[in-house]
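The following paragraphs lead the reader through a single protein chain, from its overall make-up to individual residues. Please keep the sequence and the structure in view while reading.

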Amino acid sequence: MNKLALVLTLVLSLALELPTFAQKDPKAKTVLDAMSQKFKSMNGFTAQFDFTYQDNTGSSDRQSGEVAVKGEQYRLKLPEQEIYNDGRTVWTFIQADGYREVTINDVSQTEGELTPSNIYSMYQSGFDYKLLADKQYQGKTVSVVELKATTNNTPFERVKLMIDKNTKDLLGWEMFDGQGGMFSYTFKNLKQNTNLPSSYFAFDPKKYPGIEIIDLR
């Protein structure tokens, strides 16, 4: 093999070995660690949010709600659904047209799902990540970090996090399911250190006489 052919062979071999996605971008990790540390330093927060789903045809559905987060606990309010998580148990409460139902699961049964509490640490396992270009988001300059799942058994392929460049607050995120669907969440009116009691994150069925209870624990 002549020298030119040898060089070309080495170049092609190296090109094939290069990853198409930066596996663990150090600059992205610096931003993610700062976001995660900011969340840990807060004594919980409340916020309003907008949720949008867009399918591969371009049609979309939009809802607004409220969220409260404290450590591993969270409470999520949507127009006809409310999810409570006290760190041990998850209650999904549905109330529509006079019908009331609550489904109960152990937290372990929801492992792998993206929640308002684990969004701040999900990058630490099962994802590669890279830092994209800064952009304007909600009138603020944000660092955009893209996460890509390293396994095929996740409900979403990629996640983009919008992190305030100055405060390190997470302002929103976008999830892509790999089939053309995109889920978008945007926080508004975020209030920190709300010091909510643990009872706020637990559902009490006694407050709703006649409710149908589906216990899957």
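A residue is called buried when its relative accessible area is under 20% and exposed when that area is over 50%, with partly exposed residues in between. S184 illustrates the first class: its relative accessibility is 15%, and therefore S184 counts as buried. This serine is found in strand β12, which covers residues 182–192. Leaving out residues up to four places away in sequence, S184 touches D50, F51, T52, W173 and E174. The model that provides these values is a predicted one.

With that criterion in place, the chain as a whole can be described. The protein chain contains 2 helices and 13 strands. Of its 217 residues, 37% are buried. The area that the chain exposes is about 12,700 Å², and carbon and sulfur atoms supply 50% of it. Among contacts between residues at least 6 apart in sequence, 50% join residues at least 24 apart.

Helix α2 is a suitable place to begin a closer reading. The helix runs over residues 26–41, which makes 16 residues, and it reaches 22 Å from its first C-alpha to its last, close to the 22 Å expected at 1.5 Å a residue. At the N-terminal end, D25 acts as the cap of α2: a side-chain oxygen of D25 lies 3.0 Å from the backbone nitrogen of K27.

Which residues of α2 are buried? They are A28, V31, L32, M35, S36 and F39. Viewed down the axis of α2, these buried residues fall within an arc of 130 degrees, so they line one face of the helix. The general geometry of helices is relevant here: an α-helix has 3.6 residues a turn, so residues three or four places apart point the same way. The face of α2 turned away from the buried side carries the exposed residues P26, K27, T30, K40 and S41. The cover over the buried residues of α2 includes β1 (45–54), β2 (60–70), β7 (127–131), β9 (140–149), β10 (158–164) and β11 (170–176).

A28 gives a specific view of this packing. This alanine is in helix α2, and it counts as buried because its relative accessibility is 0%. Apart from neighbours within four places in sequence, A28 is in contact with Y129, K130, L131 and V145. The C-alpha atoms of A28 and L131 are separated by 4.6 Å, although the two residues are 103 residues apart along the chain.

From the helix, the description passes to the nonpolar interior. The largest nonpolar core has 34 residues, and those with the most contacts inside it are L32, F45, L147, L161 and W173. The elements that give two or more residues to this core are α2, β1, β2, β3 (73–78), β7, β9, β10 and β11. Helix α2 gives the largest share, 5 residues. For F45, the residues touched, not counting those up to four places away in sequence, are F39, V67, A68, V69, Y120, F187, L190, K191, Q192 and T194. A second, separate core of 8 residues includes W91, V102, F203 and Y208.

F39 of α2, buried as noted above, is also in contact with a loop residue, S117. Is S117 itself buried or exposed? Its relative accessibility is 4%, so S117 counts as buried. This serine is in the loop between β6 (99–106) and β7. Beyond neighbours within four places in sequence, the contacts of S117 are F39, V69, G71, E72, Q73 and Y74.

Two residues remain to be considered for their backbone geometry. Most residues other than glycine have a negative phi. D97, although not a glycine, has a positive phi of about 50 degrees. D97 lies in the loop between β5 (89–96) and β6, and it is exposed, with a relative accessible area of 85%. The C-alpha atoms of D97 and E80, 17 residues apart along the chain, are separated by 9.3 Å. N189 likewise has a positive phi of about 50 degrees and is not a glycine. N189, however, lies in strand β12, the strand in which S184 is found. N189 is exposed because its relative accessible area is 53%, whereas S184 counts as buried at 15%.

Methods
Residues are numbered from 1 along each chain as its sequence is written. This is a predicted model: local features need pLDDT of at least 70, side-chain atom pairs count only at pLDDT 80 or more; totals for chains, interfaces and linings use all residues. Side-chain values use heavy atoms; hydrogens and water are left out. Helices (H or I, at least four residues) and strands (E, at least two) are DSSP runs, numbered from the N terminus. The expected span of a helix is 1.5 Å times one less than its number of residues. Buried means under 20% relative accessible area, exposed over 50%, partly exposed in between (1.4 Å probe, protein chains only). The arc is that of the directions from the helix axis to the C-beta atoms. Contact means heavy atoms within 4.5 Å. A polar contact is a pair of N or O atoms within 3.5 Å; within protein, one must be able to donate a hydrogen and the other to accept it, and residues adjacent in sequence count only if both atoms are side-chain atoms. Accessible areas come from the Shrake-Rupley method with a 1.4 Å probe; for residues, only the protein chains shown count as cover. A nonpolar core is a set of buried Ala, Val, Leu, Ile, Met, Phe, Trp, Tyr and Cys residues joined through side-chain atoms within 4.5 Å.
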